[in-house]
Amino acid sequence: MRFEVLGPVQVVVDDHPVAITARRELTLLVRLLVDPGRVVDADRLVDAVWEGNPPPSARGTLRVLVSRLRGRLVDGQDEQRIVTHPTGYVLALTDEDEYDAAQLDAEVRRGGDLLE
């Protein structure tokens, strides 16, 4: 699985793009990708998905959005990519090669090391 944010946001599984067309699901994914591997508080996700104006049912709807997004983020390894935490959710990556922004950060660090 590969997550791409440098350019159009997309998820690629086995060289095929995964259709994530629902705006709220895509916003949820992008917010989780801001802090991959770290817990993102449910209140922050609600704020991002509803742009600071959540309905009273937002927490319940967030759980539904997470469930739908989990269903789209499936590869042949049966790994859970969005992990529930007591205070929010974590997008789990297996290595930096899965995320183009992480690869860019690593290349920038390597370039900086070469200049020292």
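The buried residues of helix H2 (buried meaning under 20% relative accessible area with a 1.4 Å probe, protein chains only) pack against H1, strand S4 (40-41), H3 and S6. This is a predicted model, where local features need pLDDT of at least 70 and side-chain atom pairs count only at pLDDT 80 or more, while totals for chains, interfaces and linings use all residues. Residues are numbered from 1 along each chain, and side-chain values use heavy atoms, leaving out hydrogens and water.

So who's buried in H2? Ala 42, Leu 45, Val 46 and Val 49 are. Down the helix axis they fall within an arc of 100 degrees (taken from the directions from the axis to the C-beta atoms), so they line one face of H2.

Now for its partner, H3. The two axes (lines fitted to C-alpha atoms over the stretch in contact) come within 10 Å and cross at roughly 90 degrees. That makes H2 roughly perpendicular to H3, a label covering 65 to 115 degrees. Here is who meets whom, with contact meaning heavy atoms within 4.5 Å:

| Helix | Residues in the contact |
|---|---|
| H2 | Ala 42, Asp 43, Leu 45, Val 46, Val 49 |
| H3 | Ala 58, Arg 59, Leu 62, Leu 65 |

By class, that's seven nonpolar, no polar and two charged residues.

Zooming out, the largest nonpolar core (buried Ala, Val, Leu, Ile, Met, Phe, Trp, Tyr and Cys joined through side-chain atoms within 4.5 Å) has 28 residues, with Phe 3, Val 11, Leu 28 and Leu 73 making the most contacts inside it. Elements supplying at least two residues each include H2 (42-49) and H3 (58-72), and H3 gives the most, with five.

How values were computed
Buried means under 20% relative accessible area, exposed over 50%, partly exposed in between (1.4 Å probe, protein chains only). Helices (H or I, at least four residues) and strands (E, at least two) are DSSP runs, numbered from the N terminus. Axes are lines fitted to C-alpha atoms, for helices over the stretch in contact, and angles run from 0 to 180 degrees between N-to-C directions. Angles under 35 degrees count as roughly parallel, over 145 as roughly antiparallel, 65 to 115 as roughly perpendicular and the rest as oblique. Ala, Val, Leu, Ile, Met, Phe, Trp, Tyr, Cys and Pro count as nonpolar, Asp, Glu, Lys and Arg as charged, and the others, Gly among them, as polar.
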